[in-house]
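Got your viewer open? Here is a short tour, one selection at a time, with a note on what you should find at each stop.

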Amino acid sequence: MGPVRHTALARGAWRNCVEEIQRTRILEAIAELTAERGAGEGAAAVTIAHIVERAGVSRATFYELFADREACLVAAFDLGVERAAARIVPAYTAESRWRDGLRAGMAAFLAFLEDEPALARLCVVHAMGGGPIVLVHRTEVLERLWEVVDRGRLESPTGKEDPPAVMAEGVVGAVLSVVQNRLQSDSDERPLMELFGPLMSLLLLPYLGSSAARRELTRPPPRVEVRPGETSSATESRFEDPGVRLTYRTARVLTAIAEFPGASNREVAERAGIVDQGQISKLLGRLEAQGLIAKMGEVSSRGAPNAWRLTDRGERVERVADGRSPGGSPQLRR
């Protein structure tokens, strides 16, 4: 392969990577904006102007990637489902028993809701008002959940009358209703994992009886493990550092630190546009564990604010997230 062809292929791969990063920025932006507007307005109040401003892309870039706002919303819903399934499906299928699979899947689902709050709200809370195509996609997801829960009829104790097939629809609906109410509550800051026991009890009651349902109220949830690659998007698989989840929020935080070395948690959150202090603490902790950021010196006293800087690895990732070439020159940014 000649040098000209090799260079052309490299540029093409880079263009694909940047376009996928821009696409992810847009999808996470519409999810965040929808969540911020709450149940009263939701997706209907989010315009393309809002989306491109939050994502940091041009209107022309938006229309290169999506036909319209509705197509963007559908893709954002699908992204949320994809990320949730990347956790839930492996957890469920790793168990040989239906009950254990449900427990593992439920724990993975609640962990996803904690880690991806905007996409979680879009999928669980706002999908009903997202338009006819989103509703079709939502129904397809629900049908898969109904099928999994309905397998509980095969687990019913001998002599117990099997519940009707429609029971699965009711149980799944009840679980999602509880989760939806918690996600919509701005004043309830309790961890969603606290719902694990009650939700498992709700799932098992029609199939295994009241004794099994009561036991779930006191059983701890299984440990949730996210193995590298389980939540990888197309962007991450093409990115040269596969251990990094290059999401829109990651990009904003890295850029904030790049532009203001020494920023505290609060200052990073303000510059990155992240309101939830709990989320910024989690995100900074994850980026530190991945070796992308580090604290500048030692914290002088207990309770003193952190001062963050990018590591060499973090600088490389930030250049990719900002749409620049590895050498640092602006490329493909619109």
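Leaving aside residues up to four places away in sequence, which residues does L135 touch? Select L135 and look for A127 and M128: those are the two contacts (a contact being heavy atoms within 4.5 Å). L135 sits in helix α7, residues 132–150. Helices here are DSSP runs of H or I with at least four residues, strands are runs of E with at least two, and both are numbered from the N terminus. L135 counts as partly exposed because its relative accessibility is 31%; the cut-offs are under 20% for buried, over 50% for exposed and partly exposed in between, with a 1.4 Å probe and protein chains only. Now add V74: it is 61 residues from L135 along the chain, and the two C-alpha atoms are 9.2 Å apart.

Some ground rules before going on. This is a predicted model, so local features need pLDDT of at least 70 and side-chain atom pairs count only at pLDDT 80 or more, while totals for chains, interfaces and linings use all residues. Residues are numbered from 1 along each chain as its sequence is written, and side-chain values use heavy atoms, with hydrogens and water left out.

Zoom out to the whole protein. You should see 15 helices and two strands. Of the 334 residues, 46% are buried. Among contacts with a separation of 6 or more, 65% are between residues 24 or more positions apart.

Next, colour by pLDDT, the predictor's confidence in each residue on a scale from 0 to 100. The mean is 82, and 78% of the residues reach 70 or more. Helix α9 (residues 196–208) has the highest confidence at 96, whereas helix α11 (residues 234–238) has the lowest, at a mean of 41. Select 227–239 as well: pLDDT stays under 50 there, and the model gives this stretch 28 contacts beyond four places in sequence. Residues 325–334 are also below 50, with 26 contacts beyond near neighbours in sequence. Where pLDDT is low, don't read the predicted coordinates in detail.

On to helix α5, residues 98–115. What should its 18 residues span at 1.5 Å a residue? The expected span (1.5 Å times one less than the number of residues) is 26 Å, and the end C-alpha atoms are 26 Å apart, which agrees. In α5, 15 of the 18 residues are buried, so the rest of the structure largely encloses this helix.

Time for salt bridges, meaning a side-chain nitrogen of Lys or Arg within 4 Å of a carboxyl oxygen of Asp or Glu. The count comes to 15. Pick these:

- E36 and R54: their closest N and O atoms are 2.9 Å apart. E36 is in helix α1 (residues 3–41) and R54 in helix α2 (residues 48–55), so the pair ties together parts 18 residues apart in sequence. Both ends are partly exposed, E36 at 45% and R54 at 22%.
- R83 and E116: the closest N and O atoms are 3.2 Å apart. R83 is in helix α4 (residues 69–93) and E116 in the loop between α5 and α6, 33 residues apart. Both are buried.
- D115 and R87: the closest N and O atoms are 2.9 Å apart. This pair links α5 to α4 across 28 residues. D115 is partly exposed at 25%, while R87 is buried at 8%.

For the last stop, select R99, R103, E216 and R219 together: they are linked in a network of salt bridges.
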